[in-house]
Amino acid sequence: MSKVIAIANQKGGVGKTTSTVNLGAGLSADGKKVLLIDLDPQASLTLSMGYREPDKLPATVTNVIDQIVNDKGIDPEFGIMHITDRLDLLPASIDLSAAEVSLVSAMSRELVLRTYMEQVRANYDYVLIDCMPSLGILTVNALACADSVLIPVQAAYLPVKGLQQLIKTIYTVKRRLNNHLEIEGILFTMVDRRTTYAKEIVQEVNDVYGKAIPVFQIEVPMSVRASETSQMAKNIFEYDPKGKAASAYRELSEEVLSHGCKKRKSTLRICRGIIRCTG
């Protein structure tokens, strides 16, 4: 059974794309067939995979959305770029901004990506969706078709401050559009454990959310090498395999595969507007 994971945070610069690339690489290295979907008009994931001119690609996620909105049949291979034997990419380009506008008037606009997912997910063990840094209609589409949400959060005040709104949106989608949606976990990125500030932020998130929402004990450290991977169009395992960031993403991949943490098996629900945890 395949699993669809949306990687989302409305705050930019928190490591969504880096986490998508490296989690996808880690899962495929473990023998899983993985599809990465770039759902951001900035096309950061597409650029990170080595496609430097996304606007010149023959087909992107924009074309997929147009096909579905216009009730045209679509081949599951349409628009897919084969990166390795076990890793595929559905790229994006700036045209996705126009597609987002066109979705506003589309019928069942929140479920367009779900229609696509129903056709392709059987071909993959994991589908990872790199969401844009907003809580607009494209992100809602990703949440509406996902099994879970992975939330990368930089260990800093402003990214953590935005968690409340993101979690509220996730549970609104869960209640109205996708009752199977769960939170895979909050993942701290760009953590500098040498500073008291970062330690305090991590502790605060665990104190506020840890009893109701899974928080990965894995922390992706601040790493110049990790930030260079996008420019080099390589994943962290290729570029800096012995570094701390590679170790963290390897552990994250194993965690996602194993579901070994008891805390992450909890069933989440909302009661009178308060996030609670049962089971």
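Me: How closely do the axes of helix α4 and helix α6 come, and at roughly what angle do they cross?

Reply: General idea first: a packed pair of helices is described by two things, the angle between the axes and the distance between them. Keep in mind that we're looking at a predicted model here. In this one, the axes of α4 (residues 96-103) and α6 (residues 137-145) come within 9 Å and cross at roughly 80°. An angle of 65 to 115 degrees counts as roughly perpendicular, and therefore α4 and α6 are roughly perpendicular to each other.

Me: Which residues make the contact between α4 and α6?

Reply: On the α4 side, look for Leu96, Glu100 and Leu103; α6 brings Ile137, Leu138 and Asn141. Sorted by class, that contact has 4 nonpolar, 1 polar and 1 charged residues.

Me: OK, on to the sheet. What is the order of the strands, and is the sheet open or closed?

Reply: In general, strands of a sheet pair through backbone hydrogen bonds, and they do it either parallel or antiparallel. Here you have an open sheet of 8 strands with mixed pairing, and the order reads β3-β4-β2-β5-β1-β6-β7-β8. The edges are β3 (81-84) and β8 (215-221), each of which pairs on one side only. From one strand to the next, the twist averages 25°.

Me: Can we zoom in on one pair? Do β1 and β6 run parallel or antiparallel, and how many bridges join them?

Reply: Parallel: β1 (residues 3-7) and β6 (residues 148-154) are joined by 3 bridges. If you want a spot to click on, take Ala6, whose bridge partner in β6 is Val149.

Me: Which strands does helix α5 lie across?

Reply: α5 (residues 112-120) lies across β1, β2 (34-39), β4 (87-90) and β5 (126-131), and it runs at about 160° to β2. Then try α12 (residues 244-258), which lies across β1, β5, β6, β7 (182-191) and β8. Its angle to β8 is about 155°.

Me: Now for the empty space. How much of it lies in the largest pocket, and which residues are closest to the centre of that pocket?

Reply: The largest pocket holds about 380 Å³ of space. It has 23 lining residues, and Gly13, Val14, Gly15, Thr18 and Met190 are the closest to its centre. As for elements, α1 (16-29), β5, β7, β8 and α10 (224-232) each supply at least two lining residues. The class split for this pocket is 9 nonpolar, 11 polar and 3 charged.

Me: And how many cavities of 30 Å³ or more does a search of the whole structure find?

Reply: That search finds 2. The largest cavity has a volume of about 50 Å³. Its lining is made by Thr17, Thr18, Val21, Asn22, Ser48, Thr229, Ser230, Lys234 and Asn235. The elements giving two or more of these are α1 and α10, and α1 gives the most, with 4 residues. By class, the lining has 1 nonpolar, 7 polar and 1 charged. Thr18 also turned up among the residues closest to the centre of the largest pocket.

Me: What lines the second largest cavity?

Reply: Leu39, Ile65, Leu103, Val112, Leu113, Leu138 and Asn141 do, around a volume of about 30 Å³. Helices α5 and α6 each supply at least two of those residues. The lining has 6 nonpolar, 1 polar and no charged residues. And to come back to your opening question, Leu103, Leu138 and Asn141 also take part in the contact of α4 with α6.

Definitions and conventions. Residues are numbered from 1 along each chain as its sequence is written. This is a predicted model: local features need pLDDT of at least 70, side-chain atom pairs count only at pLDDT 80 or more; totals for chains, interfaces and linings use all residues. Side-chain values use heavy atoms; hydrogens and water are left out. Two strands pair if DSSP finds at least two bridges between them. Axes are lines fitted to C-alpha atoms, for helices over the stretch in contact, and angles run from 0 to 180 degrees between N-to-C directions. Contact means heavy atoms within 4.5 Å. On a 1 Å grid over the protein atoms alone, a cavity is a set of points where a 1.4 Å probe fits but cannot get out, and a pocket is an open set with protein on both sides within 12 Å along at least five of seven lines; lining residues have an atom within 4 Å of a point. Grid points are joined across faces, edges and corners, and a volume is the space filled by probe spheres set on the points. Ala, Val, Leu, Ile, Met, Phe, Trp, Tyr, Cys and Pro count as nonpolar, Asp, Glu, Lys and Arg as charged, and the others, Gly among them, as polar. Angles under 35 degrees count as roughly parallel, over 145 as roughly antiparallel, 65 to 115 as roughly perpendicular and the rest as oblique.
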